[in-house]
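This briefing concerns the salt bridges of one protein model. The points below are grouped by residue pair.

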Amino acid sequence: MLSVLLLILKIIGIILLVILGLVLLVLFVPICYRGDIHYSDDEFNTHFKVHWLFFPVRFLLSYENDELKQELRIFGFNVLKEKKEKPKDEYEPPLADVSYENELELEAIYGKEKDEELIDLVDGESDFSESEMLDPKFTSVEYPDAEIPDIEKIDTGIKESRWQRIKVKFKRKKKKEEEKPKIPLSRKIKVVAIRTRSKTLSSIAQAVKAAETAMKKIQAIVNEIRKYIEFIQRKSTKRAFKKAMKLVIKVLKHIFPRKIKGRIDFGLAEPHLTGQALGGVAIAYDMFHIDPEDVETFPHFEQEMIDARLEYRGRIFICFLVFNGVKFILDPDTLKTIKFFKK
């Protein structure tokens, strides 16, 4: 019994060690990347390669000659490989089989005609649809000998005496409708006044109700804006935003390539604009710790052009991102900000 318990504990320990080893690999094995860029006035080419866990996971991206290629390999298998669809064979209906004897027979019956017309006769196909064949206009044009019935001579089945009785009945009914009692003018004026007053009052009530609803909505929007202004003016919110900006800069510095080599030639046609751009390049060098000897910059003050050729490589530690992200989320100022947005 004790040996079985020890065996179970041993298996659980091995599983926990494997899980711990995988977690440590994910956290502390860096994601390495490298690539190159060539950008000029009329050309843009780039290549980007990423590998993780000592090359079992690799991602390749290239853009060259206006063509984008991407490839993701996990243990040598290309996951993003596009499956080529096999072209579908188009079905072509077989032509009618007209032998020489059949053709002679058809010529004897219908006279000499073209091969295509003989095939149509064999297939039993017609050049006219059923609706066209039944249309009187069509038949009168194509077949002038066809008889078209006269509509006036068609017997409707209603006798003349019955039709007269229907007309008389209709006239009596119309006469009864015209013999309605006349309403006095004073009464008509009174009825119109009552209706107009009720309509006016109802429209005024609806307008007042709509105005009250609109005022309530405007008041709610104003209160919401006031609440957000008070939230932005809090000291905890300002501290949280400052910490978020610091975190973004720290992450960008960590992700930014550690080694960059290349050459940049640029010009903005105007000397003062080129000088301002050169000052911005110097600030970027200092911010991201780029050695001017590794990336040479050559300004052209009298020419508008750009030609940049760069090679870079870097690495990203997932443990760094996880640690700083958890630290930022658990900060009291960040928690207060998150709590406000959850309301």
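A residue counts as buried under 20% relative accessible area, as exposed over 50%, and as partly exposed in between. The model under discussion is predicted. It holds seven salt bridges, three of which are described here.

**Pair within one helix**
- K227 and E224 form a salt bridge, with 3.5 Å between the closest N and O atoms.
- Both K227 and E224 belong to helix α7 (residues 185-232), where three residues, about one turn of the helix, separate them.
- E224 has a relative accessible area of 37% and is therefore partly exposed, since this value falls between the 20% and 50% cut-offs.
- K227, at 39% relative accessibility, is likewise classed as partly exposed.

**Pair between two helices**
- A salt bridge links D333 to K243, whose closest N and O atoms are 3.1 Å apart.
- D333 is part of helix α11 (residues 332-342) and K243 is part of helix α8 (residues 235-255), so this salt bridge ties together parts that lie 90 residues apart in sequence.
- D333 is buried, at 7% relative accessibility, whereas K243 is partly exposed, at 30%.

**Pair R263 and D265**
- The side chains of R263 and D265 form a salt bridge with an N to O distance of 2.7 Å.
- R263 is partly exposed at 39% relative accessibility, while D265 has a relative accessible area of 7% and is buried.

**Network**
- R239, K243, D331 and D333 are joined into one network by salt bridges that share partners.

Technical notes. Residues are numbered from 1 along each chain as its sequence is written. This is a predicted model: local features need pLDDT of at least 70, side-chain atom pairs count only at pLDDT 80 or more; totals for chains, interfaces and linings use all residues. Side-chain values use heavy atoms; hydrogens and water are left out. A salt bridge is a side-chain nitrogen of Lys or Arg within 4 Å of a carboxyl oxygen of Asp or Glu. Helices (H or I, at least four residues) and strands (E, at least two) are DSSP runs, numbered from the N terminus. Buried means under 20% relative accessible area, exposed over 50%, partly exposed in between (1.4 Å probe, protein chains only).
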